[in-house]
Amino acid sequence: MTSTAPRRYHITTFGCQMNKADSERMAGILDAMGYQAEEDPYLADLVVYNTCTIRDNAEQKVYSYLGRQAKRKQKSADLTLVVAGCVAQQEGEKLLRRVPELDLVMGPQHANRLGDLLEQVQEGNQVVATEPIYIMEDITKPRRDSDISAWVNVIYGCNERCSYCVVPNVRGVEQSRTPEAIREEMETLAAQGYQEVTLLGQNIDAYGRDLPGSTPEGRHKHTFTDLLYYVHDVPGIERIRFATSHPRYFTERLIKACAELPKVCEHFHIPFQSGDNEILKAMSRGYTHEKYRRIVDKIRHYLPDAAISADAIVAFPGETEEQFQNTLKLVDDVEFDQLNTAAYSPRPGTPAANWEDQLSDEVKSDRLQRLNHLVSTSAAARSQRYLDRVEEVLVEGQNPKDQSQVMGRTRTNRLTFFNGDIEQLYGKQVSVKITDVRAFSLTGEKV
Ligand code: SAH
Ligand code: SF4
Ligand code: F3S
C-alpha cells in the first residue's frame with residue numbers, strides 16, 4: 001500500500017443466489033472503502049472467492065483457483081486473499097493450513113462485516129470469522145450486477161435437516177429480516193429504477209417463524225404470504241419473484257396471494273428431490289410424492305399457466321432402479337418448466353454421507369443422463385403452450401449470439417428473444433408474440 005493508486009478488487013462467486021446477493025453486498029462495502037472493481041482476478045490487489053460447497057465439484061473448483069493465487073502472493077506480498085462463503089464456513093481454520101497464503105476466511109454470516117475484518121487483516125492478522133452471529137441489518141449499499149432486477153434477502157439460514165445437505169451447517173439457523181426492513185429496501189430499489197425483485201430464502205416458507213407475534217387464530221403474524229401482501233404495492237417495482245419454496249410448508253394461501261396480487265409473478269420453484277416416498281423419508285424431507293402432486297394440482301387449479309420448476313437428486317444412497325423410476329414418473333406426470341438435476345454427492349458433516357449403501361459413479365451418471373433427457377422432452381412439451389401467445393417481456397440485454405435480438409424474461413421466467421434495438425428497449429416491458437418455442441427458451445416478435 002505504498003502507491004497512491006486505488007487498490008483494485010475482484011470477486012468470483014460460486015453457488016446459489018444467496019451467494020450472489022452476499023457478493024453484491026461485499027462489493028458495495030469495498031466500493032465504499034475506496035477500492036476499484038477489477039474484472040481480471042490476476043490483476044486485482046484484493047481477491048475474494050465467494051465459495052459453494054453444496055456438492056464436491058463445487059468445492060474442488062475453488063482449490064484450483066486458490067493454488068494459482070497463492071503462487072501470485074508468494075511474489076507480491078501486497079495481494080490480499082479472501083475466501084468467503086460456504087467452503088470458508090465448512091473448512092474454517094483448516095483452509096489456512098491448506099493455503100497458508102490466505103489473509104481472511106469468512107463464513108456467509110460475516111459478509112456484511114467485510115470492512116471490519118479487512119481492518120484486522122491490515123493490522124497484520126490472519127483472520128478466521130466463522131462463529132455464528134446475528135446478521136446485522138445491511139446498512140451499506142450493495143453494488144448490484146443488474147440495474148433492472150435485484151435480489152432481496154428475506155430470511156437467512158435454514159432450520160431443516162435434510163440428510164444430504166450442508167446448508168444448515170454453513171448458513172446457520174433461520175434469521176428473518178423484518179417486513180419493514182424488506183419493504184424499505186424495495187422502496188430504495190424502486191427509487192433507483194429497479195423494476196424486478198427476487199425475494200430470497202433457502203426455505204422461504206419458513207419466513208417469520210423467528211419473528212415475534214401471532215394472529216388471534218394462533219397463526220404466525222409474519223408468514224411469507226403476509227409479507228407478500230405487505231410489500232406487493234411498492235410503487236415502481238413491477239415484478240416480484242421469490243425462491244425457494246419447500247413442499248412441506250407450502251400453502252394454498254400463497255398460491256391465492258400469487259393469483260390475487262398482480263405484481264407477484266406466476267412462477268414457483270419447489271424442489272421435490274425425489275419421486276419416491278422411501279427415499280423422501282431417508283432424505284428427511286417431511287412430505288410424500290402424493291403431497292407434492294397435490295401442490296402442483298392446486299397451483300394449476302388457480303393459475304393454469306404458472307411455471308413450476310424444481311430441483312432433484314438422483315442416486316441418493318440406496319436408491320434402487322425402481323425408486324429412480326418413481327422420480328422419472330413424477331417428472332413425466334408434472335411436466336416441469338425447468339428442473340435442476342444433480343447426482344448425489346456425499347458432504348462432510350451430513351448423515352447420508354456416512355451411510356454404507358452409496359451408489360457407483362456409473363449409476364449416478366446413467367441416472368442423471370436419463371433424467372436430463374426426460375426433462376428436456378417434457379419441458380419442450382410444456383413450452384408449447386406459449387406458441388402464438390402474447391407475453392410481457394422485461395428486456396435485460398442483448399442476445400449474445402445474435403446482436404440484432406434483445407432478450408428478457410416472461411413473468412413465468414422463460415428466457416425470450418426478439419428482434420429489437422437494445423438502446424431503445426433496455427429495461428422496458430414489451431409485449432411479444434411468441435413464434436417459436438424450445439424446451440427452455442422462446443422467440444417472438446414485438447407487437
Ligand atoms: N433450500 C433448497 C435447496 C438448497 S440446495 C431446498 O430445500 O430445496 C440446492 C439444491 O442442491 C437442492 O435442492 C438439491 O437438489 C441439491 N443438493 C443439495 N445437497 C446435495 C448433495 N449432497 N448432492 C447432490 N445435490 C444436492
Ligand atoms: Fe438443505 Fe433441506 Fe435446508 Fe433446503 S431445506 S437448504 S435442502 S437442509
Ligand atoms: Fe452453495 Fe452455500 Fe448456496 S453451499 S448452494 S452457496 S448456500
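**Close-up views of the predicted model**

**View 1. Ser284 sits in a loop between two helices.** The loop runs between α10 (277-282) and α11 (289-302). This is a predicted model. Phi of Ser284 is near 60°. That is a positive value in a residue other than glycine. Most residues other than glycine have a negative phi.

**View 2. A cis peptide bond joins Ala243 and Thr244.** Omega of this bond is about 10°. Most peptide bonds are trans. Thr244 lies in the loop between β11 (239-243) and α9 (252-260).

**View 3. Polar atoms of the protein approach ligand 1.** There are 15 residues around ligand 1. Tyr164, Gln202, Gln273, Asp311 and Ser345 come nearest. A polar side-chain atom of Gln273 is 2.7 Å from an oxygen atom of the ligand. Ser345 uses its backbone: an N or O atom there lies 2.8 Å from a nitrogen atom of ligand 1. Arg55 places a polar side-chain atom 3.2 Å from a nitrogen atom of ligand 1.

**View 4. Cysteines are among the residues around ligand 2.** Cys158, Cys162 and Cys165 are part of this shell. Glu160, Tyr164, Val167 and Pro168 also belong to the shell. So do Gln202, His246 and Arg285. By class, the shell has six nonpolar, two polar and two charged residues. Tyr164 and Gln202 also appear in View 3, among the residues that come nearest to ligand 1.

**View 5. Cys16, Cys52 and Cys86 are among the residues around ligand 3.** Asn19, Thr53, Ile54, Arg171 and Gln202 are also in the shell. The shell divides into four nonpolar, three polar and one charged residue. An unreviewed UniProt entry places a "binding site" feature at Cys16, Cys52 and Cys86. These three are spread over 71 residues of sequence, yet they cluster in space. Their largest C-alpha distance is 10.5 Å. Cys16 lies in the loop between β1 (8-13) and α1 (17-32).

**View 6. The span at residues 7-123 carries a domain annotation.** UniProt, in an unreviewed entry, lists "domain: MTTase N-terminal" here. The span is 50% helix and 19% strand. Its end C-alpha atoms lie 17 Å apart.

**View 7. The second largest cavity lies between domain 1 and domain 2.** A search of the whole structure finds two cavities of 30 Å³ or more. The second largest holds about 70 Å³ of space. Its lining includes Asp22, Arg25, Pro108, Gln109, Ala111 and Asn112. Ile135, Tyr156, Gly157 and Arg171 line the cavity too. By class, the lining has four nonpolar, three polar and three charged residues. Where does this cavity lie relative to domain 1 and domain 2? Domain 1 (8-129) and domain 2 (149-375) both give residues to the lining, so the cavity lies between them. Arg171 links this view to View 5, being also one of the residues around ligand 3.

How values were computed. Residues are numbered from 1 along each chain as its sequence is written. Chains are lettered from A and ligands numbered from 1 in the order in which they are written. This is a predicted model: local features need pLDDT of at least 70, side-chain atom pairs count only at pLDDT 80 or more; totals for chains, interfaces and linings use all residues. Side-chain values use heavy atoms; hydrogens and water are left out. UniProt positions are given in the numbering used here, feature names are shortened, and annotations may be inferred rather than shown by experiment. Helices (H or I, at least four residues) and strands (E, at least two) are DSSP runs, numbered from the N terminus. A residue is near a molecule or strand if one of its heavy atoms lies within 4 Å of it. Ala, Val, Leu, Ile, Met, Phe, Trp, Tyr, Cys and Pro count as nonpolar, Asp, Glu, Lys and Arg as charged, and the others, Gly among them, as polar. On a 1 Å grid over the protein atoms alone, a cavity is a set of points where a 1.4 Å probe fits but cannot get out, and a pocket is an open set with protein on both sides within 12 Å along at least five of seven lines; lining residues have an atom within 4 Å of a point. Grid points are joined across faces, edges and corners, and a volume is the space filled by probe spheres set on the points. Domain bounds come from an automatic or database domain assignment. A polar contact is a pair of N or O atoms within 3.5 Å; within protein, one must be able to donate a hydrogen and the other to accept it, and residues adjacent in sequence count only if both atoms are side-chain atoms.
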